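Hi,

Here is the structure I promised to pass on. Have a look at it first, and then read on for what turned up when I went through it.

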Amino acid sequence: MRLLEEKIRSDGIALDESILKVDSFINHQIDPELMQLLGEELGRHFADRGITKVATIESSGIAPALLCAMELHVPMIILKKQPSKALNSDLYQTIVTSYTKGTSYELTLSSKYINEHDHVLIVDDFLANGEAATGAIRLIRKAHATIAGVGILIEKTFQPGRKKLEEQGIEVYALARIAGMQKDSITFVSEA
Ligand code: G4P
């Protein structure tokens, strides 16, 4: 999506060959008009697939997932990284280890908000090594729900996330696909 590519080029910061900072419009401060267009585009792409819920992993996926869910007129569910004390029974849980951040967390979802009739679209901000999305898929499958696909704002195509998901038969749709980065220069797949 050209609009997102232009925003990444103007406001994103390539810290090195692998990490892109988008704190000024996605991760820390959010550009609401841009986010609305991105969420709508994800929703339009996955329309007419019988999706019953949009799921994301807290925290940066919440904004695009909510706007995508609005476009699809379905509820949005947040997969929690730190289950609250109030969430104490009937939980689906799975451990996710992030290579990018070097951390692990227990992804948690209450059985109240998902069942075997759900067809779920997963939305997140970044696709890197794909551990977060793979964990979300594992969790949703524990509830015997099905996966409609994975919608992503920014995919780093030089990392193995897409391959990992497509090997499981999951469709991935990413709005901006980064082919490569160097300090202060970003190349998108369309230009590579
Ligand atoms: P992983 O397997 O390497 O951990 O990759 P994954 O795609 O699962 O992403 C793990 C976390 O790292 C995600 O954030 C993702 O948004 C973030 N991430 C990966 N690459 C980049 C990058 O180039 N730039 C930025 N800004 N973030 C990146 P998270 O743990 O879910 O945190 P949150 O921001 O959603 O709270």
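Let me start at the ligand: asparagine 27 puts a polar side-chain atom 3.0 Å from one of the ligand's nitrogen atoms. Bear in mind as you read that this is a predicted model.

Two further contacts go to oxygen atoms of the ligand. Lysine 101 brings a polar side-chain atom to 2.8 Å from a ligand oxygen. With alanine 132 the partner is a backbone N or O atom, which lies 2.8 Å from an oxygen atom of the ligand. As for how much of the ligand is covered, it has 710 Å² of accessible area on its own, and the protein covers 91% of that.

Now the shell. The ligand is surrounded by 21 residues, and the closest of them are Leu20, Ser98, Thr100, Asn129 and Lys156. Sorted by class, the shell holds seven nonpolar, eight polar and six charged residues. If you want to find your way around by secondary structure, go to strand E7 (119–127) and helix H5 (131–142), each of which supplies at least two shell residues. E7 has the largest share, with three residues.

Where does the ligand sit? In the largest pocket. That pocket has a volume of about 700 Å³. Its lining is made up of 31 residues, those closest to the pocket centre being Ser98, Thr100, Lys101, Asp125 and Phe126. Several elements give two or more residues to this lining: strands E2 (20–21), E5 (91–98), E6 (103–110) and E7, plus helices H2 (23–27) and H5. E7 again comes out on top, giving four residues to the lining. The class split for the lining is twelve nonpolar, ten polar and nine charged residues.

Finally, two bits of backbone geometry to look at while you have the model open:

- The peptide bond from glutamate 58 to serine 59 is cis, with omega near 5 degrees. Serine 59 belongs to the loop that runs between strand E3 (53–57) and helix H4 (62–72).
- Histidine 73 has a positive phi, near 60 degrees, although the residue is not a glycine. You'll find histidine 73 in the loop between H4 and strand E4 (76–79).

That's the lot from me.

Cheers

Note on methods. Residues are numbered from 1 along each chain as its sequence is written. This is a predicted model: local features need pLDDT of at least 70, side-chain atom pairs count only at pLDDT 80 or more; totals for chains, interfaces and linings use all residues. Side-chain values use heavy atoms; hydrogens and water are left out. A residue is near a molecule or strand if one of its heavy atoms lies within 4 Å of it. A polar contact is a pair of N or O atoms within 3.5 Å; within protein, one must be able to donate a hydrogen and the other to accept it, and residues adjacent in sequence count only if both atoms are side-chain atoms. Accessible areas come from the Shrake-Rupley method with a 1.4 Å probe; for residues, only the protein chains shown count as cover. On a 1 Å grid over the protein atoms alone, a cavity is a set of points where a 1.4 Å probe fits but cannot get out, and a pocket is an open set with protein on both sides within 12 Å along at least five of seven lines; lining residues have an atom within 4 Å of a point. A molecule sits in a cavity or pocket if more than half of its atoms lie within 2 Å of its grid points. Ala, Val, Leu, Ile, Met, Phe, Trp, Tyr, Cys and Pro count as nonpolar, Asp, Glu, Lys and Arg as charged, and the others, Gly among them, as polar. Grid points are joined across faces, edges and corners, and a volume is the space filled by probe spheres set on the points.
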